[in-house]
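User: I have a predicted model open and want the reasoning behind some helix descriptions. Can we take them one by one?

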Amino acid sequence: MKRIDFFLLASVLFLTLFGLFMIYDASSFVAFRDFADKYHYVKDQIFWVFCGIVTVLLFYHFDYHKFYNLAIPILIIAIGLLILVFVPGIGIKVLGASRWIDLGFITLQPSEFTKLALAIYLAAWFSNKEKGRIWSFLLLMGLVILLVIAEPDMGTAVIILTEGLVLYFLSGANALYFAFLLPIIGFLGFVFAKLEPYRAARLATFLSVDQNINAASYHVKQILIAFGAGGLTGVGLGNSLQKYAYLPENATDSIFAIIAEELGFLGACFIIGIFLIIIWRGFYIAINSKDMFGKLLAGGIITFLAMQILVNLAAQTALLPLTGIPLPFISYGGSALIINLSAVGILLNIAKQSKTV
């Protein structure tokens, strides 16, 4: 018990339990309208929280060094699952996106598993010095990112790309590579955004949110209405008006807008502060890990968690174009929650074996 990182564990548990309350609060009206059961979404989330806590305990007691020899099988499974989303009868298509697979007994979102799988594989690969691996690295990242973009899920592709680049940088790569790669990545990102009409519309909305009043900007405007209604101290827990089907995805990607409406600027800042504690502890664990594999694995995990937090909050505050990235530990969703809690369990195991906690 003396080796548990209580700052990290307490912060994650607080956000997870707070997320249960906010999911019920934000979804009760829509759940009753669609399923005649206002507890529909929160009951699902309670089950996933239970599964997630089990994985935290499991990976806290699972020596992270064992992932080193499991890295290649884990990566192969991740790529295989990404391909399965396009297989008829297995892949599930919702609102034009093929991001889920139905295995009969469970529904999974492979891109969530891929984030953790890549952190494990790249940490194992980069633990040893190897010349000339830039092209192999780019080939692997290109394959994974193209599969994710094809779903389509550009927001997750950005997170995976950032995770890979950060791990490559932390492994001691030449900084000149990044000076060469970043302009190319930026150009390709712009091209992919323009190829899909809905992405182009979101980009146009982002660049002219105060002038654009067509349907493409409706979601952003409802988010900003929620923030404006919250003011400094909020309208009070349970008193949101935006949750009454005005705000799309109010229990998933846009749940932070409901939090800001009910708790106000001060409450929203408090939640952001809890996230900052998690990010601080993650990088602290990475710095103090006793071996390179642990440093890179912790660095990869906290990078994809931090990027999910950053992208969601930035999109919700109109600092980035709107994208479908859930808020870790709070948003409704099983795959993301279980993977994120599993990642926290691995971080806790690395901390347990580190120089200090």
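User: What describes the packing of helix α3 against helix α5?

Analyst: In this predicted model, α3 (residues 67–84) and α5 (residues 134–149) pack at an angle of about 30°. Their axes lie 9 Å apart. The crossing of α3 over α5 is left-handed.

User: Which residues make the contact?

Analyst: Contact means heavy atoms within 4.5 Å. From α3 come L75, I79, L82 and I83. From α5 come L140, L143, V144, L147 and V148.

User: What makes that contact nonpolar or polar by class?

Analyst: The class count. The contact of α3 with α5 has nine nonpolar residues, no polar and no charged ones.

User: How do you know that the span of α9 agrees with its 13 residues?

Analyst: At 1.5 Å a residue, α9 (residues 218–230) should span 18 Å. Its end C-alpha atoms are 19 Å apart, so the two agree.

User: Why are the buried residues of α9 said to line one face?

Analyst: Buried means under 20% relative accessible area. In α9 that gives H219, V220, Q222, I223, A226 and G230. Seen down the axis, they fall within an arc of 165°, so they line one face of the helix.

User: What puts the buried residues of α2 on the same side?

Analyst: The buried residues of α2 (residues 40–60) are Y41, V42, Q45, V49, G52, T55, V56, F59 and Y60. They cover an arc of only 125° around the axis, so they sit on the same side of α2. They pack against α1, α3 and α12.

User: Which residues are exposed on the other side of α2?

Analyst: F47, F50 and L57. Exposed means over 50% relative accessible area.

Terms used. Residues are numbered from 1 along each chain as its sequence is written. This is a predicted model: local features need pLDDT of at least 70, side-chain atom pairs count only at pLDDT 80 or more; totals for chains, interfaces and linings use all residues. Side-chain values use heavy atoms; hydrogens and water are left out. Axes are lines fitted to C-alpha atoms, for helices over the stretch in contact, and angles run from 0 to 180 degrees between N-to-C directions. Helices (H or I, at least four residues) and strands (E, at least two) are DSSP runs, numbered from the N terminus. A crossing is left-handed if the near helix is turned anticlockwise from the far one by less than a right angle, and right-handed if clockwise. Ala, Val, Leu, Ile, Met, Phe, Trp, Tyr, Cys and Pro count as nonpolar, Asp, Glu, Lys and Arg as charged, and the others, Gly among them, as polar. The expected span of a helix is 1.5 Å times one less than its number of residues. Buried means under 20% relative accessible area, exposed over 50%, partly exposed in between (1.4 Å probe, protein chains only). The arc is that of the directions from the helix axis to the C-beta atoms.
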